[in-house]
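Colleague: Could you take one part of this and go through it slowly with me? I'd like the close-up view, with the numbers, and the surroundings only where they help.

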Amino acid sequence: MKKNLTLLFILGLTLLTACSNDEPDGPIKPEPPVVVPTEDALLGTWETYYYEKQITVNPGGAGGQERPYQGLRYIDYDGFRSSFVKENGKYIAKDYNLAGNLAFQADFHIKDDTIKYARADKTEDGRDTIIRSWQRVREFNPEKGILMIDQSYYGTTKNDDTWYKITDVKTARNIKTAPTTTEGVTPKKHMIDFDDLCKGKWQIYLFREYENGKIKEAYSIEMTTKLQSTSFKFYVNDKGNKRCIMTEWNDNTEKLVSIDYPVLLIDDVVHLLYKEEVKDEEGNVELEDASIFLWVTSWGEDKTIGSDNFIDYKKSRYAENISITVETKIYIKRILE
């Protein structure tokens, strides 16, 4: 089930993005002028609570009409943290992943409305080099503890060379002054009550997938059958840590297998943390931090099944043809024990 959940949405074609809001609106965009922080004003730790990819086809309208597409929410980044610190007279940015491990570090400074980063590295032939990157400040509100930044890049689709621009927009909250704010998120998040989540266990009972709004019936039936043995048992251990036992069918052993995961809960997203084996360029196996994530939407009682349920929702586009949307809905119900 670990592979099913993490790779469920890779269906033969390459998905351009991961997850999406079910509404066209993301965080409320700030009105100009944008308040630009100083390096000192930015100091602190900021936790991502909304991450969106905004897509524009034919940006600038050269040779045709510019077309904005619905933004896609990138669920797996909820909970990542960025710390801006001053050490020995230098301003340093540090990014931490969901497991709390350092993922990126660079010197930073602010020019105009842009945070600029520089970090030392090596070229492939061993020479010293400086890698530079940037993020533009869309909104900075120290009173509300909100920082919104973006970064744009361009690409072409593999099938028909459609030119597009993707703008990654990250909204973060200051963990000291606004640790629980979700301001600007539309529609509002279904905030998870972990104590309630611990009552009974949760089992997948239905899977549905759509391309451009049309259901893929055969695939939906196949995946429903495959996933119906998958369940989640949430609990708090004797050390006060949130945990989840996920049980799934293993095709290789032809048995049900249960794995106990640490849980990181970020508003309406449940992360099950684990280590994933990956190979480096030399073929050596390394362990990387990874997560299985559930976006809890449409929480409530389903009277047709006589049980509480929620929907784990995802929406993506194919890199080969970004005009095609792929939606998946995994229906999960509570079973009282």
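Modeller: Glu254 is exposed in this predicted model, because its relative accessible area of 59% is over the 50% cut-off. Its backbone has a positive phi, near 55°, in a residue other than glycine. You'll find Glu254 in the loop between strand E13 (242–250) and strand E14 (255–266). Asn88 tells a similar story: phi is near 50°, again positive in a residue other than glycine, and the relative accessible area of 82% makes Asn88 exposed. Asn88 lies in the loop between E3 and E4, and that's a handy way into the part I'd like to look at closely, since E3 and E4 each supply at least two residues of the lining of the largest cavity.

Before zooming in, here's the chain as a whole. Four helices and 18 strands make up its secondary structure. Out of 337 residues, 46% count as buried. If you take the contacts with a separation of 6 or more, 56% of them are between residues 24 or more positions apart.

Now for the empty space. Searching the whole structure turns up two cavities of 30 Å³ or more, and the largest holds about 80 Å³. Its lining is Trp46, Ser82, Phe84, Ala93, Asp95, Phe104, Tyr117, Gln135, Leu147, Ile149, Lys170 and Ala172. By type, that's eight nonpolar, two polar and two charged residues. Strands E8 (146–156) and E9 (163–174), like E3 (81–87) and E4 (90–96), each put at least two residues into this lining.

What joins Phe104 and Tyr117, two of the residues in that lining? The rings are the place to look. The chain has 18 aromatic pairs, and Phe104 with Tyr117 is one of them: the geometry is edge-to-face, with 6.0 Å centre to centre and 80° between the planes. Phe104 belongs to strand E5 (residues 102–111) and Tyr117 to strand E6 (residues 114–122), so the pair links parts of the chain 13 residues apart. The two partners differ in how much they show: Phe104 is partly exposed at 22% relative accessibility, while Tyr117 is buried at 7%.

The residue I'd really slow down for is Gln135. It sits in strand E7, and at 19% relative accessible area it counts as buried, because the cut-off is under 20%. Its C-alpha atom is 8.5 Å from that of Tyr117, with their positions 18 residues apart along the chain. Setting aside neighbours within four places in sequence, Gln135 is in contact with Asp113, Thr114, Ile115, Tyr117, Ile149, Asp150, Gln151 and Lys170. Three of those partners, Tyr117, Ile149 and Lys170, turn up with Gln135 in the lining of the largest cavity.

Gln135 also matters for the open space here. The second largest pocket takes up about 500 Å³. It has 22 lining residues, and Tyr51, Tyr77, Asp95, Gln135 and Lys170 are the closest to its centre. Asp95, Gln135 and Lys170 are on the cavity list too, so to speak, lining an enclosed space as well as an open one. The pocket's lining splits into eleven nonpolar, five polar and six charged residues. Strand E1 (44–57), E3, E4, E5, strand E7 (128–141), E8 and E9 each contribute at least two residues to it.

Two of the central pocket residues, Tyr51 and Tyr77, lead on to another set of rings. Ring pairs tie Tyr51, Tyr74, Tyr77 and Phe80 into a cluster. Tyr74 has a charged companion as well: Lys53 lies over the face of the ring, 5.0 Å from its centre. The arrangement comes up elsewhere, with Lys216 over the face of Tyr219 at 5.2 Å from the ring centre.

One last backbone detail, if you follow E9 out of this region. The loop between E9 and helix H3 (194–197) holds Pro187, and the peptide bond leading into it from Thr186 is cis, with omega near -5°.

Definitions and conventions:
Residues numbered from 1 in each chain as written. Predicted model: local features only at pLDDT ≥ 70, side-chain atom pairs only at ≥ 80, totals over all residues. Heavy atoms only, no water. Phe/Tyr/Trp six-rings, centres within 6.5 Å; stacked < 30°, edge-to-face > 60°. Buried < 20%, exposed > 50% of the residue type's maximum accessible area, 1.4 Å probe, protein only. Lys NZ or Arg CZ within 6 Å of the ring centre and 35° of its normal. 1 Å grid on protein atoms, 1.4 Å probe; cavity = no way out; pocket = protein on both sides within 12 Å on 5 of 7 lines; lining within 4 Å. Points joined across faces, edges and corners; volume = space filled by probe spheres on them. Nonpolar A, V, L, I, M, F, W, Y, C, P; charged D, E, K, R; others polar. Contact = heavy atoms within 4.5 Å.
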